[in-house]
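Q: Could we go through this model together, one feature at a time, so that I learn how each one is read before I rely on it?

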Amino acid sequence: MTKKVYLGGKGLTKRISIGGDSQVSVQTMWKEPIDDLISNPEKLERILNEMSQLSLLGCDIVRFAVPDMESAKGLNLLSERTIMPLVADIHFDHTLALECLKSNVAAIRINPGNIGSEENTRTVIQACRDHGVPIRIGINSGSLPKDLQEEIAAGTITRAQGLCETAAREAEIFEKYNFDQYVVSMKSSDVQETIQCNTFYSQKYNNPLHLGVTEAGPLIGGIVKSSIAFSNLLAKGIGDTIRVSLSSSPENEVIAGINILKECGKRSRGVNLVSCPRCGRIGFDVHSFVDRWQNRLLAMDKNITVAVMGCVVNGPGEGRHADLGIAGTSDKAIIFKKGKIVRTIDAKDADKVFEEELNSL
Ligand code: SF4
């Protein structure tokens, strides 16, 4: 079992743990700059609101890029107004980490390899220790040390071994200063490499691992890559926090992450939604109904299955295991429970009646 690392708990932020027997957490990364939040209160409120929505969907942690002092101050503002544990993602300038620690930021992501001298890393470690804030070490396959790159080129080690060795080297400095509150992430855009490096690392070390396939790609391709990598690792008990990295919204990253964990048996959350793919028998617009309801169902704390089916002929039968189902003809919809029709309604009232029936369960 991995060591446990604690984050959050300052101000309004939720205190959570990563590693050990903790629930595998889901995180995402914000997709826009936050260097203008002091002068842009509307944007600040919008981001806070969007993070509340992510929290309802099951997001545990949100990471923000902090490339300059304005962004550090923006992140500090956010961290004082949210329950969401926020991570500051910092490269090159360690003073940005020190600025973020002045507020309720829950964790710092640095890579000792690009933060300058060992003294800079030691300063960040000491400040994080003083504030009770953990560090995530992030290693990318594109930034391995020169000697390891040469070994990979010569074929004496694999790239996955190189990633693992780089992470171990970077972690040495934390161990040297007796700081064990760190999480390791080794990222590759290759699924098999991601599986291999995390497997190697977990065989040798017991630090919590952040799983991610970096630059995984667009929505569907990216979800496929992350699902394959994570399900392989999670089945072996490897992985303490995950991010599905997508060329898409944070919301989609969170929904994908929660669903992967659900299907891997690592998290039970929200209503189980089954819906038919549609075919020529379609009498009900399944796709738009599912689009409207998917997030609300994910945010609900009910251990039930809901079926949204395209036709009255096959729908109730195909969805007979569902606690609640809806299917339709062109102008009518039926509500069924465990395969039995309980109501016939006008299709235009589908959302209203579905909500009533859902609330009654
Ligand atoms: S429920 Fe009806 S519309 Fe949906 S796939 Fe089955 S037969 Fe086709």
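Q: Leaving aside neighbours within four places in sequence, which residues is Met186 in contact with?

A: Before the case itself, please keep in mind that this is a predicted model. As a general idea, nonpolar side chains in soluble globular proteins tend to be buried together. Here, once neighbours within four places in sequence are set aside, Met186 is in contact with Ile139, Leu163, Cys164, Ala167, Cys197, Asn198, Tyr201, Leu209, His210 and Gly212.

Q: Which members of the largest nonpolar core touch the most other members?

A: The largest nonpolar core has 76 residues, and those that touch the most other members are Met51, Phe64, Leu75, Leu78, Ile90, Ile108 and Met186. The element that gives the most to this core is helix H6, spanning residues 159-176, with 7 residues. There is also a second, separate core of 27 residues, which includes Phe289, Ile304, Ala307 and Val353.

Q: How many strands form the closed barrel, and in what sense do they pair?

A: The general idea is that strands of a sheet pair through backbone hydrogen bonds, either parallel or antiparallel. In this model, the closed barrel consists of 8 strands, in the order S3-S4-S5-S6-S7-S8-S9-S10, and its pairing is parallel. One pair to look at is strand S3 (residues 25-29) with S4, which are joined in the parallel sense over 3 bridges, with Thr28 standing opposite Val62 in S4. Strand S4 (residues 61-65) is mostly covered, since 4 of its 5 residues are buried. Another is strand S6 (residues 107-110) with strand S7 (residues 135-140), which run parallel and are joined by 3 bridges, and there the bridge partner of Arg109 is Arg136 in S7.

Q: Which strands do helices H6 and H7 lie on or touch?

A: Helix H6 lies across S7 and strand S8 (182-187), and runs at about 150 degrees to S7. Helix H7 (residues 191-204) packs on the sheet and touches S8 and strand S9 (209-211), its direction making about 170 degrees with that of S9.

Q: Is Thr194, in helix H7, buried or exposed?

A: Thr194, which is found in helix H7, counts as buried because its relative accessibility is 0%, and the cut-off for that label is under 20%. Not counting residues up to four places away in sequence, Thr194 touches Ser188, Gly212, Val213, Ala229 and Leu233.

Q: What is the strand order of the open sheet, and which are its edge strands?

A: The open sheet has 5 strands in the order S11-S12-S13-S14-S15, with mixed pairing. Its edge strands, each pairing on one side only, are strand S11 (272-275) and strand S15 (340-346), and neighbouring strands of this sheet are turned by 20 degrees against each other on average, direction ignored. Within the sheet, S11 and strand S12 (residues 305-308) pair in the parallel sense over 4 bridges, and Ser275 stands opposite Val308 in S12. Helix H10 (residues 286-299) lies across S11, S12 and strand S13 (324-328), running at about 175 degrees to S11. Helix H12 (residues 350-359) also packs on the sheet, where it touches S12, S13, strand S14 (332-337) and S15, and its direction makes about 145 degrees with that of S15.

Q: Which residues are around the ligand, and how do they divide by character?

A: The residues around the ligand are Cys276, Pro277, Cys279, Arg281, Ile282, Gly310, Cys311, Asn314 and Glu318. By character, this shell divides into 5 nonpolar, 2 polar and 2 charged residues.

How values were computed
Residues are numbered from 1 along each chain as its sequence is written. This is a predicted model: local features need pLDDT of at least 70, side-chain atom pairs count only at pLDDT 80 or more; totals for chains, interfaces and linings use all residues. Side-chain values use heavy atoms; hydrogens and water are left out. A nonpolar core is a set of buried Ala, Val, Leu, Ile, Met, Phe, Trp, Tyr and Cys residues joined through side-chain atoms within 4.5 Å. Buried means under 20% relative accessible area, exposed over 50%, partly exposed in between (1.4 Å probe, protein chains only). Helices (H or I, at least four residues) and strands (E, at least two) are DSSP runs, numbered from the N terminus. Contact means heavy atoms within 4.5 Å. Two strands pair if DSSP finds at least two bridges between them. Axes are lines fitted to C-alpha atoms, for helices over the stretch in contact, and angles run from 0 to 180 degrees between N-to-C directions. A residue is near a molecule or strand if one of its heavy atoms lies within 4 Å of it. Ala, Val, Leu, Ile, Met, Phe, Trp, Tyr, Cys and Pro count as nonpolar, Asp, Glu, Lys and Arg as charged, and the others, Gly among them, as polar.
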